[in-house]
Amino acid sequence: MPQLLAPVPGEQVTTRDHRPLQLRHIEPADVAAIQRCFTRLSPQDIRRRFLHAMSELPDLMAQRLCRIDPALETALVLEDRTVTPGEIRGVGRIYVDEVVNSGEFSVLVEHDWARRGLGALLMQRLVDDSRRRGLREIWGYVLQENRPMLELCRELGFERRLPVDEPGTAQISLQL
Ligand SMILES: CC(C)(COP(=O)(O)OP(=O)(O)OC[C@H]1O[C@@H](n2cnc3c(N)ncnc32)[C@H](O)[C@@H]1OP(=O)(O)O)[C@@H](O)C(=O)NCCC(=O)NCCS
């Protein structure tokens with residue numbers, strides 16, 4: 001079994017309106033917080049993040065999301081420690097495909113914390129991490145109706161690829 005990353009103490013970041021958050025790698029102990037975060041998402045947020053509807057985040061899936069293989073995955077969380085227990089307000093991930101040397105991203109920011117620069121912060125860190133890994137590209141699927149994400153990615157220099165088989169879905173990518 002690959003060795004997990006040591007827990008990272010965390011880097012303090014702030015939202016545009018000066019709310020403090022800890023940016024750190026996800027940990028196996030985050031399962032309950034990830035499940036609480038899921039319950040705060042709207043059906044639209046869930047569909048945009050997972051590309052299909054889900055009414056709950058099953059235990060096994062939550063465990064899988066929190067216990068990553070750092071050789072092939074990065075998962076960063078934004079933890080709000082002003083509340084007890086701490087709550088996860090945003091998550092950004094990369095899954096590496098070694099065969100083609102690229103990384104597939106996903107990102108999520110809780111609705112009440114949106115429009116404060118966190119999505120852009122997470123995406124920038126994922127781009128930085130992909131460069132550190134020496135990947136040639138970072139890419140992801142985004143629903144075509146997901147204007148916020150398409151706009152965010154456009155501002156970061158991502159481009160749309162040719163339409164994919166999935167109707168209503170765009171594939172966007174950034175060459176590194
Ligand atoms: C998409 C998402 C990650 C954006 O997160 P966020 O924290 O609100 O984004 P930011 O505050 O960093 O915004 C960065 C830029 O994105 C664009 N943007 C974000 N939300 C927008 C909106 N509702 N409408 C238009 N543009 C928007 C803007 O250009 C914004 O820059 P600005 O605020 O200076 O105008 C968040 O809305 C989300 O989690 N959505 C549900 C899950 C999802 O769609 N994931 C993407 C597919 S994996």
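How many of the eight residues of strand E5 are buried? Seven are, so to speak, under cover: strand E5 (residues 102–109) is mostly covered. The points below start from the whole chain and work back to that strand.

1. **Status and overall fold.** This is a predicted model. The protein has five helices and eight strands. Along the sequence they follow the pattern β-β-α-α-α-β-β-β-α-β-α-β-β. The radius of gyration is 16 Å, close to the 16 Å that the globule rule gives for 176 residues, so the protein is as compact as a globular protein of that length.

2. **Dimensions and burial.** Taken along the principal axes, the C-alpha atoms fill a box of roughly 45 × 35 × 35 Å. Of the 176 residues, 47% count as buried. Among contacts with a separation of 6 or more, 61% come from residues 24 or more positions apart.

3. **Surface and charge.** The accessible surface comes to about 9700 Å². Carbon and sulfur atoms hold 52% of that surface. The protein carries 24 positive and 26 negative charges. The mean positions of the two sets are 3 Å apart.

4. **The sheet.** Eight strands make an open sheet. Their order is E1-E2-E3-E4-E5-E6-E8-E7, and the pairing is mixed. Strand E1 (11–14) and strand E7 (159–160) stand at the edges; each has a single partner strand, so one side of each is left without a neighbour in the sheet. Strands of a sheet pair through backbone hydrogen bonds, either parallel or antiparallel.

5. **The E1 edge.** E1 pairs with strand E2 (residues 20–25) in the antiparallel sense. Four bridges join the two. To find this pairing in the viewer, look for Gln12, whose bridge partner in E2 is Gln22.

6. **E4 and E5.** Strand E4 (residues 87–97) runs antiparallel to E5, with eight bridges between them. One pair to look for is Val96 with Gly103, its bridge partner in E5. The two strands form a hairpin with four residues between them. In the turn, Asn101 has a positive phi of about 55 degrees.

7. **E5 and E6.** On to the next pairing of E5. Strand E6 (residues 137–143) pairs with E5 in the parallel sense. Three bridges hold this pairing. Glu104 has Trp139 as its bridge partner in E6.

8. **Helix H2.** Which residues of helix H2 (residues 43–50) are buried? They are Asp45, Ile46, Arg48, Arg49 and Phe50. Their cover includes three strands of the sheet, namely E4, E5 and E6. It also includes helix H1 (31–39), helix H3 (59–66) and helix H5 (147–155). Leu51 follows H2 and has a positive phi, near 70 degrees.

9. **Gln171.** Is this residue of strand E8 (residues 169–175) buried or exposed? Gln171 has 10% relative accessibility, so it counts as buried; the cut-off for buried is under 20%. Leaving out residues up to four places away in sequence, Gln171 touches Trp139, Gly140, Tyr141, Glu159, Arg160, Arg161 and Val164. Trp139 thus comes up twice in this note: as a contact of Gln171, and as the bridge partner of Glu104.

Conventions. Residues numbered from 1 in each chain as written. Predicted model: local features only at pLDDT ≥ 70, side-chain atom pairs only at ≥ 80, totals over all residues. Heavy atoms only, no water. Buried < 20%, exposed > 50% of the residue type's maximum accessible area, 1.4 Å probe, protein only. Contact = heavy atoms within 4.5 Å. Rg over C-alpha atoms; globule rule 2.2 N^0.38 Å. Areas by Shrake-Rupley, 256 points an atom, 1.4 Å probe, with all protein chains shown as cover. Lys, Arg positive; Asp, Glu negative; His and termini not counted. Charge placed at Lys NZ, Arg CZ, Asp CG, Glu CD. Pairing = 2+ DSSP bridges.
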